[in-house]
Amino acid sequence: MAFEYFDLVVVGAGHAGCEAALAGARMGLKTLLLTLNLDAVALMPCNPAIGGTAKGHLVREVDALGGEMGRAIDDTFIQSRMLNTGKGPAVYSLRAQADKNNYKKRMRDAVENQENLILRQGEVTELIVENGCLKGVKTATGSAIYCQKAVLCTGVYLKSRIIIGQHSWEGGPQGLVAATGLTKSLMDNGFEIRRFKTGTPARVDVRTLDFSKMTPQYGDDPIVPFSFLTDAKALTNKSICYLTYTTEKTHEIIKRNLHLSPMYSGSIKGTGARYCPSIEDKVVRFADKERHPLFLEPEGLDTIEWYVQGMSSSLPEEVQREMYHSVPGMENAELMRLAYAIEYDCIDPMLLTCHFEARHIRGLYCAGQINGTSGYEEAAAQGLYAGINAALSVRGEEPLTLNRANSYIGVMIDDLTTKGTDEPYRMMTSRAEYRLLLRQDNADIRLTEMGIRTGLISEERHNKLIKKIEGLKQGVEYLRGKWVPPTEKMNALLKEKGETPMNASARLSDLIKRPNLTYEDLRVADEALPNLPDDAREQTEIEIKYEGYIERQHSETRKFLREEQMALPEDIDYMAIDTLRIEARQKLNKVKPKSLGQASRIPGVSPGDITVLMILMEKRRREAKNA
């Protein structure tokens, strides 16, 4: 049997796998990236877009830590928009339409040209595990590849099944093959396997659409980039998207054919994503709604394929055609690819540590949809995090630890490994308790310094961060220290902005707290106002406008971190603590929380159970002191 040796093997070259492999190679590890099909590297099998509500935060954090996704989408987007601008900056979320093929090419170029990284087509069918430690993997062709660490980024390909109406077959997205061998090895090595389901809408021929019956959706101007390294002035929108709606006729067609839907006939066994329902699920669950919005989005600049966001389905082909043709502007739409559902295997993420390493197999990490998540952005964030920690482990260094107080990635990690998920997990701003601190605009301030020891932070990135922080400090100090008198010019501006005129001198920091005033508006009151870079000016404005709320959240995070620092011994046998409730014993023994804070977030562990643990820890502390 042929065999090879690598420091790191990454299985799967989707969004998680690319980030994991690039991180490992850039951190000096001899890395192998294995994929079922070389043509599917960084494939976007569903929505041709990056970002969105909360997902944009993840991409910014990936970029702040030295990942690739932000730079790749900045290089290949065709339309960009900031979402939720009618709300506060905590929930602003960037979203960009990608040129699907160009994005794949851009990411594959990064992989192929990365030193220390080999890209290869092949299917992994077996884990090589000895005494609870990963030693390597075996492929379908019989080769053994030994390694120090491996990251499984298998996406939706594990025993995947495509479903359209009553027809189904083993296969991956867009005609690709399924990975049929690895599930058994995972089960043999102690993983609990689950069956999840997701889906995608049809792709239509743009030449058969009537945009005169739809509402155009334009991109932003100016454009905000995803990467903190990208020059925003060089970015331009290249395409328009369109909005239309389902009709009463659409809903009648769906209701009339519900018995043919695999979701309702029982042929789909996997659990679907609650926050990304199919159109038939929306019609049933929201029966009071007369229509649902649909967005027509190009798959790229060099293709006639367009994506119908909001209309995923697994109904039969003839029903799909009738249903799509009932939508204004799509009466003559030619369906180039049918909508379909896909079922696939994944693991219980509660079997992983907070660094995404398997609790029972040292050296094996998991990232992306194998962990029960959905979405490119969630996958990329997990892949980067798992790749970084696998590489740090090889180097004999302490892992990088992200938590709920410093990142959306940390929220996702904790949700998955502490609470688990019984459906495809999607990141949302509502999941983050401290979202005013975890804004997308300050991801670099929060995370880039943490990432310096990994070697993924370039000198250019670090210098940009230093300049931004210095600008923020200058802006905040100036506004807090400068008083200005009322003037006719300033009061005229205030009146124009719908604000109460000044009748006495005021600090600039108090003026900018008025809802309708911006940093640049203050120049009317003070011509000496510092000319800050755009990013520092934005930070200054947010920090002062929301300083009361921000300080309150800082106070909450300090309490959170105190509880996180109250470490629980690893050798505790929770089943032996009879003062704990039985459910709590079982849950604590499964998760093995690192801290009292983590223990308090485990479903089924009550405040009374936490009090028991606090008493136990205090008793242990006293015994150690008296020993």
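This report covers one open sheet and one pocket in a predicted model.

## The sheet

Four strands make up an open sheet. Their order is 11-10-19-12, and the pairing is antiparallel. Strand 11 (167–170) and strand 12 (193–200) stand at the edges. Each has a single partner strand, so one side of each is left without a neighbour in the sheet. From one strand to the next, the twist averages 25°.

## Strand 10 and its partners

Strand 10 spans residues 161–164 and strand 19 spans residues 340–347. The two run antiparallel and are joined by three bridges. Strand 10 also pairs with strand 11, again in the antiparallel sense, over four bridges.

Strands 10 and 11 form a hairpin. Two residues lie between them. Gly165 sits in the turn and has a positive phi of about 60°.

The table lists residues of strand 10 with residues that face them in the partner strands.

| Residue in strand 10 | Residue across | Partner strand |
|---|---|---|
| Arg161 | Glu170 | strand 11 |
| Arg161 | Glu343 | strand 19 |
| Ile163 | Ala341 | strand 19 |

Arg161 therefore appears twice: its bridge partner in strand 11 is Glu170, and in strand 19 it stands opposite Glu343, with strand 11 left at an edge of the sheet.

Which way do the residues of strand 10 point? Arg161 and Ile163 point one way from the strand. Ile162 and Ile164 point the other way. All of them are buried, the arginine included.

## The second largest pocket

The second largest pocket has a volume of about 1400 Å³. Its lining counts 40 residues. Nearest the centre of the pocket lie Val224, Asp534, Asp535, Arg537 and Glu538.

Which helix gives the most to this lining? Helix 16 does, with eight residues. Helix 16 covers residues 534–545. Helix 12 (443–451) and helix 13 (459–481) also contribute, and each of the three helices supplies at least two residues.

What is the chemical make-up of the lining? The residues divide into 17 charged, 16 nonpolar and seven polar. Charged residues are also found nearest the centre, among them Asp534, Asp535, Arg537 and Glu538.

Terms used. Residues are numbered from 1 along each chain as its sequence is written. This is a predicted model: local features need pLDDT of at least 70, side-chain atom pairs count only at pLDDT 80 or more; totals for chains, interfaces and linings use all residues. Side-chain values use heavy atoms; hydrogens and water are left out. On a 1 Å grid over the protein atoms alone, a cavity is a set of points where a 1.4 Å probe fits but cannot get out, and a pocket is an open set with protein on both sides within 12 Å along at least five of seven lines; lining residues have an atom within 4 Å of a point. Grid points are joined across faces, edges and corners, and a volume is the space filled by probe spheres set on the points. Ala, Val, Leu, Ile, Met, Phe, Trp, Tyr, Cys and Pro count as nonpolar, Asp, Glu, Lys and Arg as charged, and the others, Gly among them, as polar. Two strands pair if DSSP finds at least two bridges between them. Axes are lines fitted to C-alpha atoms, for helices over the stretch in contact, and angles run from 0 to 180 degrees between N-to-C directions. Buried means under 20% relative accessible area, exposed over 50%, partly exposed in between (1.4 Å probe, protein chains only).
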